[in-house]
Amino acid sequence: MSPRRIRLGIWPHLLLTAAVGIVIAMGVIGYGANRAYSRTYAQRQAHSEATNIAYLLNQVYTYEGSAGLQGALSKLAKEYRARVIVYAGNAVVLDTAPGHPPTCNQKPFQFPLATPGMPVYQVLLCLPDPNLGFLAILRALLLPGVLGLLGALAAVLLVSRRIAVPLAGLARAAQRFGEGDLTIRVPVRGPGEIADVAAEFNRMAQGLEEGQRQRQAMVADVAHELRTPLTVLRGYVEALKDGMAEPDADTLGVIHEEAVHLQKLVDDLQDLAQADAADLGLQPGPLDVTDILQSTAAGFHLQAEAKGVRIEVSAEPGVAVTADRRRIAQVIHNLVANALRYTADGGEIRLAAQALRDIVRVDVTDTGVGIAAEHLPHVFDRFYRVDPSRARETGGSGLGLTIARRIVEAHGGTMGVESAVGRGTRFWFTLPRRAPT
Ligand SMILES: Nc1ncnc2c1ncn2[C@@H]1O[C@H](COP(=O)(O)OP(=O)(O)OP(=O)(O)O)[C@@H](O)[C@H]1O
Ligand SMILES: [Mg+2]
């Protein structure tokens, strides 16, 4: 069994950090204070003490002679914890600590004792080490240190509450999210980064919930779209089976039509799934847009003639892009099929292509029924039909424009529509001249 790792919470971490900080600060302050004191104040102090002592000893020597020096020296030694040695030439005359070598912890002071008519003495004065002592300073800092630690404890508890509470909320929310509750959100609070994480969590949750909602709607839409043709098919097959209908050309025609409709629906759904997965399998190559417009117009020629609709192509020759021929033809085919479906006898459909600076723009304009303003923003939505009953008659499933726009966007282009009810509709799309790499 692997040893269990103990995970400390936020506040023990912070407290430990604060404690280490305070101890380091005490050490640095102690060392620095000691150094600064001994370098400046203590040296000045020693110098002035030495000057006083020199003055005092000279006074004593002048008024009391050598005899008075002995008493003065022992008083000084006591009062200043100093070592004083009086020399006459090289010989020691007086010493406050006889028998000990004349060493000093720091630089000794030297001055003469001179009085007219008396022998001149030299004095060596050792004052005690001005160092306060590192440990002494630390001892002095102990109480402030403990007080600081208590203050840090209070601050740490306060700060860690501000961090730990929102984090614990996030952890709980993430757990519930993982268990499938996609509606869960967290309050955006706490210090900057924690609030950022909360906001990002909410954004991610929103995206995933939206994705799930779209998937559910998609499945419901698909089921709905499949139901009608399957019901029709089932009705006819049952009628044939029960002998209620004849397997004549009409009946078989309807069955075939429904089968074709189902096939188209499944093909469209597959295109949509590929577009969703950014897997349209585009094979870009040099493409003459004018050429495609002309061949599409030719393909619809008979159908248009039967409806009494004219199709015109007005494009400069050689408007070229780099794109997937089959997919772009699919887009144009859908736009022309729509235009033809919603344009009445005597109407006109115009296909135009023009090369602009670094894009090519294609327009498919009809003089048909037009699309009301409230429907315009939705025509590119999945399964959206302005008039579902009419579209059903004409076989549309409402996926054509969704797929067309996805194909154009996959090429790095954009697609749009303008329309006026009763006057006609213009669908347009652009393609970059060079396919995005
Ligand atoms: N040129 C047009 N004039 C008027 N309405 C149009 C035109 N083109 C599209 N529409 C409206 O937009 C809807 C969506 O078009 P889309 O091509 O996506 O679907 P569809 O043609 O109904 O079906 P599909 O293309 O999948 O067979 C159509 O049902 C129709 O109501
Ligand atoms: Mg269509």
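This is a short tour of a predicted model, moving from a long-numbered helix to a set of charged side chains and ending at a buried aspartate.

**The first helix**

Begin by selecting residues 10–80, which make up helix α1. Although α1 has 71 residues, its end C-alpha atoms are only 54 Å apart, whereas a straight helix would reach 105 Å at 1.5 Å a residue. To see a change of direction along this helix, centre the view on E64, where α1 bends by about 130 degrees. Then step to R81, just after α1, where the backbone takes a positive phi of about 50 degrees.

**Charged pairs**

Next, show the side chains of Lys, Arg, Asp and Glu, since side chains of opposite charge can pair when their charged atoms come close. The structure holds 19 salt bridges, and a few of them are visited here.

Select R310 and E312, which form a salt bridge whose closest N and O atoms are 2.8 Å apart; E312 counts as partly exposed, at 31% relative accessibility. Adding E348 and R350 to the selection displays a network of salt bridges that links these residues with R310 and E312.

Move on to R361 and D363, whose side chains meet in a salt bridge with an N to O distance of 2.8 Å. Here D363 is buried, its relative accessible area being 7%.

Now go to helix α9, residues 400–410, and pick out R405 and E409, which are 4 residues apart and therefore separated by about one helical turn. These two form a salt bridge in which the closest N and O atoms are 4.0 Å apart. E409 is partly exposed at 42% relative accessibility, and R405 is likewise partly exposed, with a relative accessible area of 28%.

**A buried aspartate without a salt bridge**

Finally, select strand β9, residues 359–366, and zoom in on D366. Which side chain of opposite charge is nearest to D366, and how far away is it? That side chain belongs to R426, 9.5 Å away, and D366 is buried yet has no salt bridge. A salt bridge requires the nitrogen and oxygen to lie within 4 Å, so the 9.5 Å separation from R426 does not qualify.

What the side chain of D366 does reach is the backbone nitrogen of G368, at 2.9 Å. To view the surroundings, display A339, T343, E348, I349, R423, G424 and T425, which D366 touches when residues up to four places away in sequence are not counted. One of these, E348, has already appeared on the tour as part of the network with R310, E312 and R350.

Terms used: Residues are numbered from 1 along each chain as its sequence is written. Chains are lettered from A and ligands numbered from 1 in the order in which they are written. This is a predicted model: local features need pLDDT of at least 70, side-chain atom pairs count only at pLDDT 80 or more; totals for chains, interfaces and linings use all residues. Side-chain values use heavy atoms; hydrogens and water are left out. Helices (H or I, at least four residues) and strands (E, at least two) are DSSP runs, numbered from the N terminus. Buried means under 20% relative accessible area, exposed over 50%, partly exposed in between (1.4 Å probe, protein chains only). Lys and Arg count as positive and Asp and Glu as negative; His and the chain ends are not counted. A polar contact is a pair of N or O atoms within 3.5 Å; within protein, one must be able to donate a hydrogen and the other to accept it, and residues adjacent in sequence count only if both atoms are side-chain atoms. Contact means heavy atoms within 4.5 Å. The expected span of a helix is 1.5 Å times one less than its number of residues. The bend at a residue is the angle between axes fitted to the seven residues ending there and the seven starting there.
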